Amino acid sequence: MSEFAHLASLSPAELAALARTGREVSFRTGERVITEGRPAQRCWLIRRGRVRLDVHVPGRCDVVVQTLGHGDLLGWSWLVPPYRWHFGAVADEPVHAIEFDTAALSELADEDPSFGRALTLMLFQALLERLQATRARLLDLYRNPAGGGVEYPCHGGAGQVPR
């Protein structure tokens, strides 16, 4: 798992514990990985491929707010009640990832507070980076140089997955 920069803060023992809870998974192009509002029970480290994060805009479409790729962490809504996804996610191309059962991660964190702290700090670092990237993306989406209404750029075509 050394290919993931966010894991650099974990000790070898913590990395080994994390590795025991993960498994390899794949998603096809256009496959919905996360549906906004559904229970959050997994998280992923992306090894290859790209995933579009989207937000459903009622009466419009799913607005893409960010694209994740190699080395990125997908999913942390499992950390905070009510444990539901706040964004959706669709594979933009074939994706290979390591999937973690978040109940197992929570159990490990409860058993070993040092691991729990290291895991939490790693996730918060990834969260802060994602918030900054999402903020920049939203500023681009809502910029309105022509003075007209807000436009919602939707992703169409074969990759668009109905809700």
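Modeller: Let's start with terms: a residue is buried under 20% relative accessible area, exposed over 50% and partly exposed in between (1.4 Å probe, protein chains only). The model is predicted, so local features need pLDDT of at least 70 and side-chain atom pairs count only at pLDDT 80 or more, whereas totals for chains, interfaces and linings use all residues. Residues are numbered from 1 along each chain as its sequence is written, and side-chain values use heavy atoms, without hydrogens and water.

Colleague: Thanks! Which residue meets Arg 23 in a salt bridge?

Modeller: A salt bridge puts a side-chain nitrogen of Lys or Arg within 4 Å of a carboxyl oxygen of Asp or Glu. Arg 23 is exposed at 51%, while its partner is buried at 8%. With N to O at 2.7 Å, that partner is Glu 99.

Colleague: How many residues apart in sequence are the parts that Arg 23 and Glu 99 tie together?

Modeller: Strands (E, at least two residues) and helices (H or I, at least four) are DSSP runs numbered from the N terminus. Arg 23 lies in strand 1 and Glu 99 in strand 8 (residues 95–101), so the pair links parts whose separation is 76 residues.

Colleague: Which residues do salt bridges with shared partners join into one network?

Modeller: Arg 42 also pairs with Glu 99, at 3.5 Å between the closest N and O atoms. Asp 101 pairs with Arg 42 at 3.7 Å; Arg 42 is partly exposed at 32%, and Asp 101 is partly exposed at 30%. Sharing partners in this way, the network joins Arg 23, Arg 42, Glu 99 and Asp 101.
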